Amino acid sequence: LRSLNEDGLLWFNLSTRRWEYDIVGIQQKEVSADVVQHMSQRMTRLPMSMQFGLKLCSCLGASFDVNALRKGGPANEFDVEEFLPFSVESGFLREDGQRRYSWAHDQVQQAAYALIPVGKRESFHLLLGSRMFMRTPAEELTNTIFTIVVNMNQGIGQLKTMAQFHEVARLNLKAGKKAMTLSSFDSAAKYLLVGVSLIKEESWNSEYE
């Protein structure tokens, strides 16, 4: 209904105080049966800054807090305080209280993620995880370690230097240890295995500990 209203096919008549619609236009309108594709099409009409915000949120999980969004976005190109109310009003996000937000539906999150070109997804994840890591004080790292590591792991194919491999391996070790304290042993195993896979043979000499 929101999409039909935006396309001028459904409107509220102030004179009659009733909703009216263009039945012929609605019948002729090509609406994809794929909800994700339809939502993505709607999102592509938004300003680029809003599209970027949706892409960013889609990589933060089913729910996230404002701090994660701030840390993951460009410092001067993304207005969080403008983006969040707009996304809630548009029906993309829900405000859960205490500065936390969640997606209105998992298919909305999928639609937002589909805005990221497939060939650029690895670099997008790696950049997001790297920004969050660099902007998170050491004493707060445990609170966001899972989001950071999940994104970095999805961008492993973009790692170039040995130092980068070692840093991501250390973060996977930290995530694995935290997962074990939460008795999430399957997740812990996955993090630890990824970390081990990033350690090259020569690393046992230069980065033994």
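In which strand is phenylalanine 12 found? Phenylalanine 12 sits in strand β1, which covers residues 10-13. The model is predicted, and β1 is a good place to enter it.

Strand β1 has a partner. It pairs with strand β2, residues 18-21, in the antiparallel sense. The pairing runs over 4 bridges. In one of them, leucine 10 is matched with tyrosine 21 of β2. Together β1 and β2 make a hairpin, with 4 residues between the strands. Arginine 17 lies in that turn and has a positive phi of about 55 degrees.

Now back to phenylalanine 12 and its surface. Its relative accessible area is 37%. Buried requires under 20% and exposed requires over 50%, so a residue in between is partly exposed. Phenylalanine 12 is therefore partly exposed. This residue also belongs to a nonpolar patch on the surface, along with Leu14 and Trp19. The three have about 380 Å² of accessible area together.

A second turn to the backbone takes us to the loop between β4 and β5. Strand β4 spans 93-97 and β5 spans 100-103. Glutamine 98 is found in this loop, and arginine 99 lies there too. What is the sign of phi at glutamine 98? The angle is positive, near 55 degrees, in a residue other than glycine. Arginine 99 is not a glycine either, yet its phi is positive at about 60 degrees.

How accessible are these two loop residues? Glutamine 98 has 80% relative accessibility, so it counts as exposed. Arginine 99 has 38%, so it counts as partly exposed.

Definitions and conventions:
Residues numbered from 1 in each chain as written. Predicted model: local features only at pLDDT ≥ 70, side-chain atom pairs only at ≥ 80, totals over all residues. Heavy atoms only, no water. Patch = residues over 30% accessible without salt bridge, like charges linked within 9 Å, V, L, I, M, F, W, Y side chains within 5 Å. Areas by Shrake-Rupley, 256 points an atom, 1.4 Å probe, with all protein chains shown as cover. Salt bridge = Lys/Arg side-chain N within 4 Å of Asp/Glu carboxyl O. Helix = DSSP H or I, 4+ residues; strand = E, 2+ residues; numbered from the N terminus. Buried < 20%, exposed > 50% of the residue type's maximum accessible area, 1.4 Å probe, protein only. Pairing = 2+ DSSP bridges.
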